[in-house]
Amino acid sequence: MSKILISKKFYLEMAHALWEYKGKCSSIHGHTYKIIVSVRLKDNNSLKDMVMDFNLLKKIVKETIIEKFDHSLLLYKNAKYSNQIDLTLECFQKVYFLEFQPTCENLVKFFSDLIIKKLPENIKLVSIKLWEGIYNYAEMINE
């Protein structure tokens, strides 16, 4: 059975560091992230005009992800450095200590969960691709 998807692309800048990673990513560094969000109707037979207004999808993703995380620093909450730099980071905005390592794979799952909660009842999130830079991405597929 054929299904119609719509997709929207977004960009944001984020910095992160991977705790106890053996390589360059253990230091704080940043990336340009590209997110492609694809949705469809839960019941594809109910398509009359459109799957979803692109502007509504844009509003959901911007409010849920872009406005909160653009130009932010993401760090692992349980890393030993978190207690040592809390006072230093108080003067900065948008520093988030997450419950997980801020890898591309974990972030795409996290963003997926946030978006699903905001979608209209009749809309299913099909996939999210999160590009970390221009060569690498992780994809969350909801089947």
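Q: What hand is given to the crossing of α1 and α3?
A: In this predicted model, α1 and α3 make a right-handed crossing. That name applies because the near helix is turned clockwise from the far one by less than a right angle.

Q: Why is α1 called oblique to α3?
A: Start with the angle: the two helices pack at about 140°, and their axes are 8 Å apart. Roughly antiparallel would need an angle over 145 degrees, roughly parallel one under 35, and roughly perpendicular one from 65 to 115. The value falls in none of these ranges, so α1 counts as oblique to α3.

Q: Which residues of α1 and α3 meet?
A: On the α1 side they are Ile60, Val61, Thr64, Ile65 and Phe69. Their partners in α3 are Phe110, Phe111, Leu114, Ile115 and Lys118.

Q: What makes Lys59 and Glu63 a salt bridge?
A: The closest approach runs from N to O at 3.3 Å. The limit is 4 Å between a side-chain nitrogen of Lys or Arg and a carboxyl oxygen of Asp or Glu, so a Lys with a Glu at this distance qualifies.

Q: Where do Lys59 and Glu63 lie?
A: Both belong to helix α1, which covers residues 54-69. Four residues separate them, about one turn of the helix.

Q: How do you know whether Lys59 and Glu63 are buried, partly exposed or exposed?
A: Lys59 has a relative accessible area of 46%, and Glu63 has 45%. Buried requires under 20% and exposed over 50%. Both values sit in between, so Lys59 is partly exposed and Glu63 is partly exposed too.

Q: Why does the pair Lys77 and Glu99 count as a salt bridge?
A: Their closest N and O atoms are 2.9 Å apart, and the rule asks for no more than being within 4 Å, so the pair qualifies. Lys77 sits in the loop between β3 (72-76) and α2 (81-89), while Glu99 sits in the loop between β4 (95-98) and α3 (104-118), so their bridge ties together parts that are 22 residues apart in sequence.

Q: What is the exposure class of Lys77, and what is that of Glu99?
A: Lys77 has a relative accessible area of 40%, which makes it partly exposed. Glu99 stands at 55%. Exposed means over 50%, so Glu99 counts as exposed.

Q: What can be said of the salt bridge between Lys109 and Asp113?
A: The closest N and O atoms of Lys109 and Asp113 are 2.9 Å apart. The two residues are four apart in helix α3, which means about one helical turn between them. Lys109, at 37% relative accessibility, is partly exposed, and Asp113, at 30%, is partly exposed as well.

Q: How many salt bridges does the rule give?
A: The count comes to three.

Q: Why is Lys8 called partly exposed rather than buried?
A: Its relative accessible area is 23%. Buried means under 20%, so Lys8 misses that class and is partly exposed.

Q: What surrounds Lys8 in strand β1?
A: Lys8 lies in β1, residues 6-16. Beyond its neighbours within four places in sequence, Lys8 is in contact with Ile35, Ile36, Val37, Phe54, Leu57 and Lys58. For those contacts, heavy atoms must be within 4.5 Å. The C-alpha atoms of Lys8 and Ile128 are 9.8 Å apart, although 120 residues separate them along the chain.

Q: How do you know the exposure class of Leu56?
A: Leu56 stands at 34% relative accessibility, and partly exposed covers the range between under 20% and over 50%, so Leu56 counts as partly exposed. This residue is found in helix α1. Its C-alpha atom and that of Leu119 are separated by 9.1 Å, with their positions 63 residues apart along the chain.

Q: What is phi for Glu20 and for His71?
A: Glu20 has a positive phi of about 60° without being a glycine, and His71 has a positive phi of about 55°, again without being a glycine. Glu20 lies in the loop between β1 and β2 (29-41), whereas His71 is found in the loop between α1 and β3.

Q: What makes Glu20 and His71 exposed?
A: Glu20 has 56% relative accessible area and His71 has 57%. The exposed class starts over 50%, so both belong to it.

Q: What is the overall pattern of the protein?
A: Its secondary structure comes to three helices and six strands, in the order β-β-α-β-α-β-α-β-β. Of its 143 residues, 40% count as buried.

Technical notes:
Residues are numbered from 1 along each chain as its sequence is written. This is a predicted model: local features need pLDDT of at least 70, side-chain atom pairs count only at pLDDT 80 or more; totals for chains, interfaces and linings use all residues. Side-chain values use heavy atoms; hydrogens and water are left out. Buried means under 20% relative accessible area, exposed over 50%, partly exposed in between (1.4 Å probe, protein chains only). Axes are lines fitted to C-alpha atoms, for helices over the stretch in contact, and angles run from 0 to 180 degrees between N-to-C directions.
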